[in-house]
Amino acid sequence: MKYSKLVETYQQLDQTQATLEKTDILAELFKESDEDLEHVVLLALGRIYPEWMEPEIGVSSQTMIDVIHQATGRGKDEIEEVWKEKGDLGFAAEEMVKNKTQQKLMSKTLTVEMVVDRLRKVAEMDKEGLSQSVNQDKKKKEIADLISNAEPVEARYITRTVLNHLRLGIGEGTVRDALDEAFFNGEHSEDIQRAYDFTNDFSRVAKACQEGLEEVNSLDIELFRPIKSMLAKKVDTIEEGFDTVGKPAAIDYKYDGMRAQIHVKDGDVKVFTRRLEDVTKQFPDVVKAVEENVKSENCIIDSEIVGYNPEDGSTIPFQRLSKRIKRKYDIQKLKKEIPVEVRPFDLIYDEESLLNQPYRERWEKLNNSIEEEEKILRSVDHEETSEEEKVQEMQQKSLSDGHEGIMMKSLDAEYKPGSRVGYMVKLKPVMETLDLAIIGAKWSEGRRSGWLGRLYLGCYDEENDEYLEVGRMATGLTDKQFQEITEKLKPLITKEEGRKVEVRPEVIVEAEYEEIQKSPEYTSGYALRFPRMKQFREDKDEADSLEKVKGLYEDQK
Ligand code: AMP
């Protein structure tokens, strides 16, 4: 398929907000894709590989400016100017290609296959072990070659794909429904969803759809390809918990660690996060623990990896452990600084899929297949009971030991990947507060004029070393506090525009809130609902991280 055909569809998709319309447009495209369908599905999601695969294109906006410059001969300043003006480097690329000063002698018509192949080649370069600058130069050259063959509007979408910024408003559900419409008259979305939950690979599912329903239903678990984790519903009381999961139920401690799906295939081990990222390299200690303490040669274990303080063995919060997830170097050092214990709680596969077996049996098999060793690998603290008092006791013990609360699980239930079905529920105390920096404020009007009122709160994005907005707070403050805040913020003002001021992020406040929502309006992508001031955190000089906000958002679901 010509890339221009896909780009036409991208434009149609960009022009509508309506999900149903998007589904129709995609279904038409899928029907016409024939042997290109696998690639088309991925590109429609703005990807070049299935969700669970590791390689990423790894090119920043700044690098992309160099690429556009190389491909079109236009000045970098010019490119940056259009980028600023239009707010999207895709548009800038389009403009530059329209008026390029360099012409290729023989330009090729781009196909979907060419675009995917080329971008995959770029993503794979990270594996070649080249120095950073050689790696980036090679990447630039490959992408520049694509752009120099592209029509202006094609350059727009190639740029967005490279930067992982396609933003077509197409999620999993839309692709699932479009495949269903294209191949099964909209009658088998559940089968498609199931196949996707098992494979995390829409290109694979799409191919199966072309071959027929039987093929879709034959897709199954494969070792070393993560499946979606089963998620928990939230309950507020033990009674509600029992109502949801039935009696008797399994009660586990809920640890504040990292969900890990551990695959063992012929004795080799891989570790995946809940977002399906392969973090095996970051956790050599987990690999070793599993090699030595898990008996099965072919299995999938669902677990929580919990970090602890090497000095006194006490559990550390996820936020500290999360350092290990992203780290690609100094792994041995970090392993000593932040040691972990693996706490398995479910067994999804043991020489065969156990998904349809009741949890009671999976739990028993799990315990038969591991050898427990303290601070290395131990199944979670677990009881089975019908008594509320007993649950309450466990809950209190869990909290006083520094854990998050408890999980209640149905003993009869199967394992449902990707679903927040009520087979397990979590019971946590009230919402955790966040320590946030004040990054801006607004001069008040009326009675409080002369004081800074509405406060803009920011969390800290460790990756980019900047503060991103997560909410605005005007309540919970007394007059005295408004005055105090004004005094504190005045010397920190860096910019004023109308009534709005920007300030250096040096004042940290502890905020309570109702919940965290996703929000495109705030730079962090998240918004606190009804944030209230609890207290100043004079003792702190750095706000909680974006990672923590994300974690709390995920947790509350
Ligand atoms: P959620 O992810 O929102 O469904 O909430 C449950 C999360 O708590 C899981 O994803 C795990 O990462 C974590 N967790 C901690 N302890 C346990 C446990 N004993 N059983 C299941 N999940 C646990």
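This report describes a ligand site and two helices in a predicted model.

## The ligand and its closest residues

The ligand is surrounded by 17 residues, of which Ala232, Arg259, Arg274, Glu304 and Lys426 come nearest. Three of these side chains place an N or O atom at a short listed distance from a ligand oxygen atom: 2.5 Å for Glu304, 2.6 Å for Lys426 and 2.8 Å for Arg259. On its own, the ligand has 480 Å² of accessible area, and the protein covers 98% of it.

## Make-up of the shell

By residue class, the shell around the ligand holds 10 charged residues and 7 nonpolar ones, with no polar residues. Arg259, Glu304 and Lys426, whose side chains were described above, belong to the charged class.

Several secondary-structure elements contribute to this shell. Strands β2 (249–254) and β8 (405–410), together with helix α21 (546–556), each supply at least two residues. The greatest contribution is that of β2, which gives 3 residues.

## Helix α8: Lys139 and Ser148

Helix α8 spans residues 132–149 and includes Lys139. With a relative accessibility of 1%, Lys139 counts as buried, because the limit for that class is under 20%. Beyond its neighbours within four places in sequence, Lys139 is in contact with Ile57, Gly58 and Val59, and also with Val122, Met125 and Asp126.

Ser148 is placed in the same helix, α8. Its relative accessibility is 10%, so Ser148 also falls under the 20% limit and counts as buried. A polar atom of the Ser148 side chain lies 3.0 Å from the backbone oxygen of Asp145. When residues up to four places away in sequence are set aside, Ser148 touches Ala71, Lys100 and Lys104.

## Helix α11 and the residue after it

Helix α11 covers residues 189–199, and its buried residues are Ile192, Gln193, Ala195, Tyr196, Asp197, Phe198 and Thr199. These buried residues pack against three helices, namely α10 (172–184), α12 (202–211) and α13 (213–218).

Just after α11 comes Asn200, which takes a positive phi of about 50°.

## Summary

In the predicted model, the protein covers 98% of the accessible area of the ligand, and the surrounding shell is made up of charged and nonpolar residues. Within helix α8, both Lys139 and Ser148 are buried. The buried residues of helix α11 pack against α10, α12 and α13, and Asn200, with its positive phi, follows just after α11.

Definitions and conventions: Residues numbered from 1 in each chain as written. Predicted model: local features only at pLDDT ≥ 70, side-chain atom pairs only at ≥ 80, totals over all residues. Heavy atoms only, no water. Helix = DSSP H or I, 4+ residues; strand = E, 2+ residues; numbered from the N terminus. Buried < 20%, exposed > 50% of the residue type's maximum accessible area, 1.4 Å probe, protein only. Contact = heavy atoms within 4.5 Å. Near = heavy atom within 4 Å. Polar contact = N/O pair within 3.5 Å; in protein donor to acceptor, adjacent residues only side chain to side chain. Areas by Shrake-Rupley, 256 points an atom, 1.4 Å probe, with all protein chains shown as cover.
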